[in-house]
Amino acid sequence: SAAGGDDDDEDAILSSRTPKMKHLHSVKADVSAPPPPAYKDDALSDGQHEQRLIIARHLAEKIDLSLIPASDLSSTITESNLISTHDLYQAYRLQALNAERSKSRVFVEGAGLEEVNGTYIQGGVHEGTPMYNKEGVWRGREEVFRIFLCTFSNGNRSWSLSIVPKGKAPGKTTDIDFYECPVSYGKGGGLGSPLFGGAADNIIPNKGWKLVNYGQSPVPKFSLVGGCLE
């Protein structure tokens with residue numbers, strides 16, 4: 001009948017579609033995430049890790065630790081556990097020695113007051129300018145002689161060669177002054193500090209020095225010795 005034919009046609013259509021739906025399900029299953037890979041034996045993994053540590057320590061022995069900033073030595077390098085405590089100590093020691101060698105030195109000679117003559121080592125800053133210091137004896141007492149730049153109450157600026165009492169700031173009335181020289185004399189040629197760019201006001205003059213208070217004639221001569229030990 002016509003009705004039965006229609007039913008047969010519908011069954012044929014459904015049956016023809018069923019394999020296609022199964023095929024779609026199979027495709028969907030194929031695109032699912034693959035299972036995680038199985039790891040190799042833990043002993044082998046530990047062996048590889050140990051081998052890498054051996055190589056890293058070997059490479060670390062070839063590094064000049066004294067060239068690494070101290071901040072990195074105390075943090076990254078120490079935490080890596082690749083460097084021995086002895087090697088770290090030696091690196092800090094070399095850095096300290098290199099820093100000492102890099103300091104500028106001013107050699108003072110020819111002064112009528114013999115106590116001020118000698119080598120002054122850069123140390124400390126006053127008014128944005130490096131100071132130079134020399135330990136010595138004055139009237140039976142151990143003192144520190146200093147060369148530094150000072151601004152007076154009238155606004156004038158001068159270099160001073162003085163004793164600055166322990167615990168006191170430079171440029172005060174407590175200083176024991178020997179020689180001084182106005183900054184203007186340094187602008188025509190003097191001893192520029194390589195660590196401060198050698199700006200005009202940072203130059204120790206070669207001329208223009210005069211006696212003050214406890215100084216004795218003749219006035220001293222100055223020469224800059226940069227980055228070497230006496």
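Is C150 buried or exposed? Select C150 in this predicted model: the residue is buried, with a relative accessible area of 4%. Next select C181, which is also buried, at a relative accessible area of 0%. A search for disulfides across the whole structure finds zero.

**The whole chain**

Now colour the protein chain by secondary structure. There are four helices and 10 strands. Starting from the N terminus, the order is α-α-α-α-β-β-β-β-β-β-β-β-β-β. Switch to a surface display: the accessible surface of the chain is about 15000 Å², and carbon and sulfur atoms account for 55% of that area. Of the 230 residues in the chain, 28% are buried. Among contacts between residues at least 6 apart in sequence, 48% join residues at least 24 apart.

**Strands 2, 3 and 4**

Select strand 3, residues 129–138. Strand 3 is mostly covered, with eight of its 10 residues buried. Add strand 2, residues 118–126, which runs antiparallel to strand 3 and is joined to it by four bridges. H126 is the residue to pick out here; T129 of strand 3 stands opposite. Two residues separate these strands in a hairpin, and E127 in its turn has a positive phi of about 55°.

Then add strand 4, residues 141–151. Strands 3 and 4 are antiparallel as well, with seven bridges between them. One pair to display is E135 and its bridge partner in strand 4, V144. This hairpin, too, has two residues between its strands, and R139 in the turn has a positive phi of about 55°.

**The largest nonpolar core**

Hide the backbone and show side chains for V116, Y120, I147, L161 and F178. Within the largest nonpolar core, which has 22 residues, these five touch the most other members. Strand 1 (104–109), strand 3, strand 4, strand 5 (157–163) and strand 6 (176–182) each supply at least two residues of this core. Strand 6 gives the largest share, four residues.

Which residues does L161 touch, leaving aside those up to four places away in sequence? Centre the view on L161 and select V108, V116, Y120, R146, I147, D177, F178, Y179, W209, P220 and F222.

**A second core**

Last, move to a core of eight residues that lies apart from the largest one. Select A60, I68, I77 and A91, which are among its members.

Terms used:
Residues are numbered from 1 along each chain as its sequence is written. This is a predicted model: local features need pLDDT of at least 70, side-chain atom pairs count only at pLDDT 80 or more; totals for chains, interfaces and linings use all residues. Side-chain values use heavy atoms; hydrogens and water are left out. A nonpolar core is a set of buried Ala, Val, Leu, Ile, Met, Phe, Trp, Tyr and Cys residues joined through side-chain atoms within 4.5 Å. Buried means under 20% relative accessible area, exposed over 50%, partly exposed in between (1.4 Å probe, protein chains only). Contact means heavy atoms within 4.5 Å. Accessible areas come from the Shrake-Rupley method with a 1.4 Å probe; for residues, only the protein chains shown count as cover. A disulfide is a pair of cysteine sulfur atoms within 2.5 Å. Two strands pair if DSSP finds at least two bridges between them.
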